[in-house]
Amino acid sequence: MFWRTTSGKAICLNDQFPLIKVEEVMRGRVTFVGLPPVELGTDVDWTANPHGNRSWALNLHALRWMGRLVAEYERSGEPAYLDRASALAEHWIRENPRRGREVSPWAWAEHAVALRAPALVCLSEHVRSRALWDSLAEHGEILADSALYRAGHNHGLDQDIALLVVGCRLGRARWRDLAVRRMTASAELAIDAQGVLQEQAPRYGLYVHRRLGAALRAIEESGAEPPQRLIARRTALEAYVAHATQPDGRLAPIGDSPADTRAPGFPHEGPVVRVFDGGYVFGRTAWDDPRSAFYSIRFGPGRRLHGHEDHLGVTYSAQGRRILVEAGFHSYERTGYVEWTRSPEAHNVPVVAGSFRPGTATRLVGSSVEPSRQSFELADDAYGVTRTRHVFVNHGLVNHGADVMAVHDSVAGGTLRSLWHFDPSLKVVFQGGGRVVLGDGDWRVTLLQFPGEGQGVRPGLVSTGYLRTAEVATVVSPAAAAVLTVIVPGTDDPRVSASGDALTVHTPDGPVTLHPPYNRSA
């Protein structure tokens, strides 16, 4: 029969398929992306999108949930699981002809094709049908089309994995070889030598790392030698993800990174402060200590792919508490709120009076890194004039000192306001005289600003996970040519004294002296 002379090895990476409630899927019920279950029935309406959600529609047509049924059949030997998987695939193929007039636009979206093809390959190990074989060939032709390929993007990686396994299944070595060549070149485009992913979101660093692991397994199973260049980029990526992981185990919510994403198991030996030339500073006082201080600073190339307009933005944790957060990632929906989460106002940045110029790069002008304190100077012209930010961090777990973050913002002409979004757990307990005190239970953190007159606090909204939000307090500085903001964790009454050109912040854990530009003359 036709497949006996044309077929090759079925490389089935079935542990990559999402977990499902098998018995519910057998009855026609599915649950995607944490949204309420949907009754699809046995005669699926492939144009359905009951939640009006882009990610839900993608998951429906990716058929990875069908692939999990195949995996469950292989695990249990229950033929009903395979029968259901086969019926779903045959129905999808019949009801979703490419360029069909009544077909959902998600059916042949490039990422849906890339995610669906490996599931069909797994099914083909057990089900022999011309319709399935022809569909695999059609998927392969699409995946090999350079006009549809997303080089340097996580979608491109998924396309390469899919093309590799389809090529092996159909006995087309040229597709396998093309996939490996593209995968290697794409990885070197997507990941720089330090491990920074150009998609500008640590969560995608985690995704790409996992998918590269699947890719290397698939290459080995295909009989090819995994390229050392590909292995090197995946290894470099580990440092980026590790440094972007906060002391509580969650990734910093930078770019399209959900605030509840965890990244366990990444090696993290080496310095506790790392400057990545691709646009990140990550610092902490210690590895593997949940009370470690942690901060992030953004600079580098302008926004692209999954990045936000967050340049000059900072996040900050200390004493086991998240303090400064950003809007983070809500969803891929096209709403006003999602658009706002990508704007400068959704981040801890200085906003200059005037027109913002999207996609502007930011320079790291200088830095000083010592064990107990670090400082960084950044600048750009995102508003048509030079705005400069100096960030100073003093660490309490080092040499028994005090936790303090000081940020000096200035603009060459005009005025700015600096924005500060606090963690949802922190509520305002006092405001006045340039001082805002926030607390959670008995714990307090104080924000001081110079100048202080005209300071405001307004309600804000940040994303705590996919499709989830929480109200926060957002502190807005007075409008001025320069503003100094000092964050002092662990106290509601830090005393401040000036001596010459220095400003000293007195905390329960000791004094911290700020020299220019971190001084009261701001």
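Select strands S15 and S16 (residues 443–450) in this predicted model. Six bridges join the two strands, which run antiparallel. Within this pairing, Leu438 lies opposite Val445 of S16. Now move to the connection: S15 and S16 make a hairpin with two residues between them, and Gly441 in that turn has a positive phi of about 65 degrees.

Extend the selection backwards to strand S14 (residues 427–432), which is joined to S15 (residues 435–440) by five bridges in an antiparallel arrangement. Lys427 is placed opposite Gly439 of S15. Here, too, a hairpin is formed, with two residues separating S14 from S15. The turn contains Gly433, whose phi is positive at about 65 degrees.

**Two cis peptide bonds**

Continue past the end of S16 and display the backbone of Phe450 and Pro451. The peptide bond from Phe450 to Pro451 is cis, with omega near 0 degrees. Pro451 belongs to the loop that runs between S16 and strand S17 (456–465). Most residues other than glycine have a negative phi, and most peptide bonds are trans.

Next select Pro516 and Pro517, which are also joined by a cis peptide bond, here with omega of about 5 degrees. Pro517 sits in the segment after S22.

**The sheet S20-S21-S22**

From Pro517, step back to the strands that precede this segment. Three strands form an open sheet in the order S20-S21-S22, with antiparallel pairing. Its edge strands are S20 (495–499) and S22 (510–514), each of which pairs on one side only. From one strand to the next, the twist averages 25 degrees. To inspect one pairing in detail, show S20 with S21 (residues 502–507): they run antiparallel and are joined by five bridges. Val496 stands opposite Val505 in S21.

**The sheet S3 to S7**

Now select the strands of another open sheet, which has five strands in the order S3-S4-S5-S6-S7 and antiparallel pairing. At its edges are S3 (273–276) and S7 (321–324), each pairing on one side only. Neighbouring strands of this sheet are turned by 10 degrees against each other on average, direction ignored. Strands of a sheet pair through backbone hydrogen bonds, either parallel or antiparallel.

Zoom in on the edge strand S3 and on S4 (residues 280–284): the two pair in the antiparallel sense over four bridges. The bridge partner of Val275 is Val281 in S4.

Two loops of this region merit a separate selection. Leu312 lies in the loop between S5 (294–298) and S6 (314–318). Its phi is positive, at about 80 degrees, although Leu312 is not a glycine. Is Leu312 buried or exposed? With 0% relative accessibility, Leu312 counts as buried.

Follow the chain to Gln319, in the loop between S6 and S7. Gln319 likewise is a residue other than glycine with a positive phi, near 55 degrees. Its relative accessible area is 13%, and Gln319 is therefore buried, the cut-off being under 20%.

**Helix H3**

Select residues 54–62, which make up helix H3. How many of its nine residues are buried? Seven of the nine are, so the helix is largely enclosed by the rest of the structure. Colour these residues: Ser55, Trp56, Ala57, Leu58, Leu60, His61 and Ala62.

To see what surrounds them, add strand S1 (29–30) and strand S2 (38–39), together with helix H4 (64–76), helix H5 (79–95) and helix H6 (110–124). The buried residues of H3 pack against these five elements.

Then look at the two ends of H3. At its start, a side-chain oxygen of Asn53 reaches to within 2.9 Å of the backbone nitrogen of Ser55. Just after H3, Leu63 adopts a positive phi of about 60 degrees.

**The whole protein**

Finally, zoom out to the complete model. The protein has twelve helices and 22 strands. Its radius of gyration is 26 Å, close to the 24 Å given by the globule rule for 522 residues, so the protein is as compact as a globular protein of that length. Along its principal axes, the C-alpha trace spans about 90 × 45 × 45 Å.

Colouring by accessibility shows the division between interior and surface: 57% of the 522 residues count as buried. The protein exposes about 20,800 Å², of which carbon and sulfur atoms supply 49%. Among contacts with a separation of 6 or more, 63% come from residues 24 or more positions apart.

Notes:
Residues are numbered from 1 along each chain as its sequence is written. This is a predicted model: local features need pLDDT of at least 70, side-chain atom pairs count only at pLDDT 80 or more; totals for chains, interfaces and linings use all residues. Side-chain values use heavy atoms; hydrogens and water are left out. Buried means under 20% relative accessible area, exposed over 50%, partly exposed in between (1.4 Å probe, protein chains only). Contact means heavy atoms within 4.5 Å. A polar contact is a pair of N or O atoms within 3.5 Å; within protein, one must be able to donate a hydrogen and the other to accept it, and residues adjacent in sequence count only if both atoms are side-chain atoms. Two strands pair if DSSP finds at least two bridges between them. Axes are lines fitted to C-alpha atoms, for helices over the stretch in contact, and angles run from 0 to 180 degrees between N-to-C directions. The radius of gyration is taken over C-alpha atoms; the globule rule is 2.2 Å times the number of residues to the power 0.38. Accessible areas come from the Shrake-Rupley method with a 1.4 Å probe; for residues, only the protein chains shown count as cover.
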